[in-house]
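Please open the model in a viewer and keep the sequence panel visible. The stops below proceed from single residues to the sheet and then to the whole chain.

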Amino acid sequence: MEAFIHPNAKVDSSVQIGPYVVIEDDVVIGPNCILDAHAVICSGVRMGRGNHVFPGAVIGAIPQDLKFKGEQTTVEIGDYNTFRECVTVHRGTASKGKTVIGSNNLIMAYCHIAHDCVLHNNIIMSNATQVAGEVEIDDCAVIGGGTLIHQFSHIGSYVMLQGGVKVNKDVPPCVIAAREPISFCGLNSVGLKRRGFDADRVARIQEVYRYLFMSNMNITQAIEYIEANVPDSPEKEMIVSFVKSSPRGVIKGL
C-alpha cells in the first residue's frame, strides 16, 4: 500500500499521504496538506498549505486540448482548498501557461476544471460541475450541481447559479442566474448578507440591476443610463466594469 513519490518532488514533511497516492516529478506541495488514497498529483502542480485532496482526484493532468503539444505548464493552487472524490484539474496550455485556483474553495465530487481556468477564492462548486477551458470564476460564487460552463465564460463574484444550468454568457456579480437559456433571476441578497453586505450596499446593487435587467433598455442603453444617472459607488463600478469588459456579452434580463 505504498505511495509513489518522485524523488524530485518537493513535498513538505508535514503532508499526510495515503496509500497508492502518486506524486510525479516537478511537483511542490506545501505544509499540512492531506492526500487521500489513490489521489494523483501530476507534474507541474504547485500547491500551498492545508489543501485536502480526496480519493481518486487527479490534479494537474495534461489538458484535453488538441493544440497542446507537451509544453511546460502548471497548476497553481493556493491554501485550504478541498478537492473531493474524483475531481479533475488540468494544467495550462500555451494560451495562458497555467491553471490557477485560489484559496478556501470547495470543489465537490466529480467536478472538472479544464486548462487555463482561473478560480479565485471562497468558491463553492457543487457535484459534477463541468468547467471548460479559460473560464474565470470570481470570489464567493456558488455553482449548483451539474452546471455546464462554456469555455471563456466569466462568472462574477457573489453569484449563485442554479444546478444544471448551461452557462454560455458572462454572469455579472451578485445575481442569481437560472433557467434555459440562462437568465437573470434576481439579486443574490441572502448570499450578500451572509458575506457582510449591509442594507445600503444591497440597495445600491439592486438599483443598478433594476436598470440593467428590469427595464425596457438593451444592455448598451442601460449602461449609458446607469453611468449618467446612478450615483457613483463601488458597487456601481463593480457591475458596470464587469459588463463593459465582457467580450461574450452577459446573460439576458427578465
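Begin by selecting Tyr-20, which is partly exposed because its relative accessibility is 42%; the class lies between buried, under 20% relative accessible area, and exposed, over 50%, computed with a 1.4 Å probe and protein chains only. Tyr-20 sits in the loop between β3 (16-17) and β4 (22-23). Helices (H or I, at least four residues) and strands (E, at least two) are DSSP runs, numbered from the N terminus. The backbone of Tyr-20 merits display, as its phi is near 65°, a positive value in a residue other than glycine.

Before moving on, note that this is a predicted model, in which local features need pLDDT of at least 70, side-chain atom pairs count only at pLDDT 80 or more, and totals for chains, interfaces and linings use all residues. Residues are numbered from 1 along each chain as its sequence is written, and side-chain values use heavy atoms, with hydrogens and water left out.

**Cysteines**

Select Cys-86 next, in the loop between β12 and β13 (88-90). Cys-86 is not a glycine, yet its phi is positive, at about 65°. Its relative accessible area of 31% makes Cys-86 partly exposed. Why does Cys-86 form no bond with the closest cysteine sulfur? That sulfur belongs to Cys-111 and lies 11 Å from the sulfur of Cys-86, too far for a bond. A disulfide is a pair of cysteine sulfur atoms within 2.5 Å, and by this rule the count is 0 disulfides. Cys-185 is likewise in no disulfide, the nearest cysteine sulfur being that of Cys-174, 15 Å away. With 26% relative accessibility, Cys-185 is partly exposed.

**A cis peptide bond**

Now display the backbone from Glu-180 to Pro-181, where the peptide bond is cis, with omega about 0°. Pro-181 is located in the loop between β26 (175-178) and β27 (183-187).

**The parallel sheet**

Colour the strands β2, β5, β8, β11, β14, β17, β20 and β23 in that order: these 8 strands form an open sheet with parallel pairing. β2 (10-11) and β23 (154-155) stand at the edges and each has a single partner strand, so one side of each is left without a neighbour in the sheet. Two strands pair if DSSP finds at least two bridges between them.

Zoom in on β11 (residues 74-77) and β8 (residues 45-47), which pair in the parallel sense over 3 bridges. Here Met-47 has Ile-77 of β11 as its bridge partner. With β14 (residues 98-101), β11 pairs in the parallel sense over 4 bridges. Thr-74 has Lys-98 of β14 as its bridge partner.

**A buried asparagine**

From β11, move to Asn-81, in the loop between β11 and β12 (82-83). Is Asn-81 buried or exposed? Asn-81 counts as buried, with 0% relative accessibility. Select its surroundings as well: apart from neighbours within four places in sequence, Asn-81 is in contact (heavy atoms within 4.5 Å) with Gly-50, Asn-51, His-52, Ile-101, Gly-102, Ser-103, Asn-104 and Asn-105.

**The whole chain**

Finally, zoom out to the chain, which has 4 helices and 27 strands. Its C-alpha atoms fill a box of roughly 65 × 40 × 30 Å along the principal axes. The radius of gyration is 20 Å, which agrees with the value near 18 Å for a compact globule of 254 residues; the radius is taken over C-alpha atoms, and the globule rule is 2.2 Å times the number of residues to the power 0.38. Buried residues account for 48% of the 254 residues. Of the contacts with a separation of 6 or more, 30% join residues 24 or more positions apart.

As a last view, colour the chain by pLDDT, the predictor's confidence in each residue, from 0 to 100. The average is 97, and 100% of the residues score at least 70. Confidence is lowest in helix α1 (residues 189-194), with a mean of 96, and highest in β12, at 99.
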